[in-house]
Amino acid sequence: MSAKEIYIAFQTILVKEILRFVRIWIQTLLPPAITTALYFVIFGSLIGSQIGDMEGFAYMDFIVPGLILMAVITNSYANVVSSFYSSKFQHNIEEMLISPTPNYVILLGHVAGGVARGLFVGFIVTGVSLFFTDLSIDNWFITTLVILLTAFLFSLAGFINAVYANSFDDITIIPTFVLTPLTYLGGVFYSIKMLPDFWQDVSLANPILYMVNAFRYGILGASDIAIGTAFGLIIGFIILLFGWAMYLLNNGIGIRK
Amino acid sequence: MTYALQIQDLKKVYGNRFEALKGINLQVAQGDFFALLGPNGAGKSTTIGIISSLINKSSGSVSVFGFDLDSDRREVKRHIGLVPQEFNFNVFEPVEEIVINQGGYYGIPRAEARVRTEALLKQLGLWDKRREMARNLSGGMKRRLMIARALVHRPKLLILDEPTAGVDIEIRQSMWKFLKEINQQGTTIILTTHYLEEAEQLCRNIAIINDGELVENTSMKALLNQLNMETFVLDLNDDIQQLPELGNYVIRMLDSSTLEVDVEKQQCMNELFGKLSAQNIRVRSMRNKVNRLEELFMTLVEKKSA
């Protein structure tokens, strides 16, 4: 395929993915807005007002970056895992597999769809947060880069989950038992400096902590961990998961007999 | 000569050690309308799956218009259009989008894909349904949608895996007409079907596969010539009371106005009708008791199984 044909194939998958989640916006775009609004009301306004400042910021301001990123992580992952698994389940993944579209385009198209939904939801949640706080961004470049890389990373993870999944149960196990606990324990609602030394060390093994802190650094200019380490970790995971996903696709694991 | 499809010693062993293909050799000429027949589980869909890159082969080689599946997979894919046995489109997408998107996977610009989609949907009688979600289509419409989708990139080889399963006779015949037309325009077609009269009507050459092996690969004409005997059912104008005397012909009386006659290869129908006329027996209509290909198919498959 020529570069132009490859671009058309990529664009086709991306547009299809975007139309998919927009078509079912009540399931995909509305729930994160409602959930996050509840977080802001309960944790930010009601409980947050009793907590006072955290790391020199009002509690509401402190949790905003984490809540935005949490929504981005959850939705970019959910988009790819549900879309790709549904394609497998209905066998319409075969439309792509019989075509000359290279495997990396199939992967990037789906991942870009996940990133798109992550960003869409990120904007919605950011919009909701403006009802509760005045959001000002300290470093646009870092904020944008972290949100893009994080959405990319979790879209890749969702893709791998979908490839291995054999039932609809399999696509909910990782989000429920791995992703959600790691996100909640990833410093969304608290600074790890509040934890005893041992639990601080344990928290450092949680990759989501680095992403939340890098994003918080972009918005507030404050972080529990070094920003370079966070970027190194995110990029390292992206390379690892991209290689893994390509291996699965090239060998037809989970998608070809 | 470059074949549309050339398969050599193709083997497939699944993970559970089931040997689905035991060394198939097959050639399909360019422009052919080729039938690939066999009972359920014979290996037809596995063969098609391998050709279309949905199933990994265990060994052997496949080439399409001279392009090798192992070394030129993208070129092979570019030349093939596949209509699978099961509906495999996203039922939550509009009809038009399904076909246009398929064009996109082949690198066809959206505007061009839209033009081609319009032409195909009109030809296949689906244009009015273009904005319907695919799940709302009837079974026959879904089959036609899969044909439109398989043709949007104008493949030189179209593979149809039971395209008319569950389709009513009227739509089936319109699909036959459409397929004949695109074959005449140069598209090579490989057809698998359980409707043997469909294969007999449409296909020039035929291969029969059973238990992972090819049991026959010849022209339709040569295959039908293998029939030593055909059984005809004769509907008579008037009732008769007893079996007429027809010499060497084996004859049975089904009821007072219906006869069944076995006609051997060397026997002649004119002679049969002459003998009937001599006894004042007039034949209103005549039909094969069993489809000729069906009879041969059963013989070949049973012979192999024995």
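Two strands count as paired when DSSP finds at least two bridges between them. With that in hand, welcome to this predicted model, in which 4 strands of chain B form an open antiparallel sheet in the order 12-13-11-14. The tour below starts with chain B as a whole, then moves to its strands, two loop residues, the nonpolar cores and the contact with chain A.

**Chain B at a glance**
- Chain B holds 10 helices and 14 strands, and its C-alpha trace spans about 70 × 45 × 40 Å along the principal axes.
- The chain is divided into domain 1, residues 5-224, and domain 2, residues 227-305.
- Between the C-alpha centres of domain 1 and domain 2 of chain B the distance is 37 Å.
- Of the 306 residues in chain B, 41% count as buried.
- If you are thinking about contact order, take the contacts in chain B between residues at least 6 apart in sequence: 67% of them join residues at least 24 apart.

**The open sheet**
- The sheet of chain B runs 12-13-11-14, with antiparallel pairing.
- Strand 12 (250-255) and strand 14 (283-288) of chain B each have a single partner strand and stand at the edges, so one side of each has no neighbour in the sheet.
- From one strand to the next, the twist averages 25 degrees.
- Inside this order, strand 11 (residues 229-236) and strand 13 (residues 258-264) of chain B run antiparallel and are joined by 7 bridges.
- For a handle on the register, B:Met229 has B:Glu264 in strand 13 as its bridge partner.

**A hairpin and two positive phi values**
- Strand 9 (residues 205-210) and strand 10 (residues 213-219) of chain B pair in the antiparallel sense over 6 bridges.
- One of the bridge partnerships here links B:Asn205 to B:Ser219 in strand 10.
- This hairpin has 2 residues between its strands, and B:Asp211 takes a positive phi near 55 degrees there.
- B:Asp211 counts as partly exposed because it has 17 C-beta neighbours inside 10 Å, a count between the limits of 12 or fewer for exposed and 20 or more for buried.
- B:Asn280 also is not a glycine, yet has a positive phi of about 60 degrees.
- The loop that holds B:Asn280 lies between helix 9 (269-278) and strand 14 of chain B.
- B:Asn280 has 10 C-beta neighbours inside 10 Å, and therefore counts as exposed.

**Nonpolar cores**
- The largest nonpolar core has 146 residues, and those with the most contacts inside it are A:Phe159, A:Met211, B:Ala148 and B:Ile159.
- Helix 4 (residues 59-89) of chain A gives the most to this core, with 18 residues.
- Setting aside neighbours within four places in sequence, B:Ala148 is in contact with B:Val99, B:Leu120, B:Leu121, B:Leu124 and B:Leu126.
- A second, separate core has 5 residues, among them B:Leu234, B:Val261, B:Leu272 and B:Leu276.
- As general background, nonpolar side chains in soluble globular proteins tend to be buried together.

**Where chain B touches chain A**
- The contact takes 26 residues from chain B and 22 residues from chain A.
- On the chain B side, the elements giving two or more residues are helix 2 (73-79), strand 6 (80-83) and helix 3 (95-105).
- Helix 3 of chain B provides the largest share of that side, with 4 residues.
- By character, the chain B side divides into 12 nonpolar, 10 polar and 4 charged residues.

Conventions
Residues are numbered from 1 along each chain as its sequence is written. Chains are lettered from A and ligands numbered from 1 in the order in which they are written. This is a predicted model: local features need pLDDT of at least 70, side-chain atom pairs count only at pLDDT 80 or more; totals for chains, interfaces and linings use all residues. A nonpolar core is a set of buried Ala, Val, Leu, Ile, Met, Phe, Trp, Tyr and Cys residues joined through C-beta atoms within 7 Å. Two residues are in contact if their C-beta atoms, placed from the backbone, lie within 7 Å. Ala, Val, Leu, Ile, Met, Phe, Trp, Tyr, Cys and Pro count as nonpolar, Asp, Glu, Lys and Arg as charged, and the others, Gly among them, as polar. Domain bounds come from an automatic or database domain assignment. Axes are lines fitted to C-alpha atoms, for helices over the stretch in contact, and angles run from 0 to 180 degrees between N-to-C directions.
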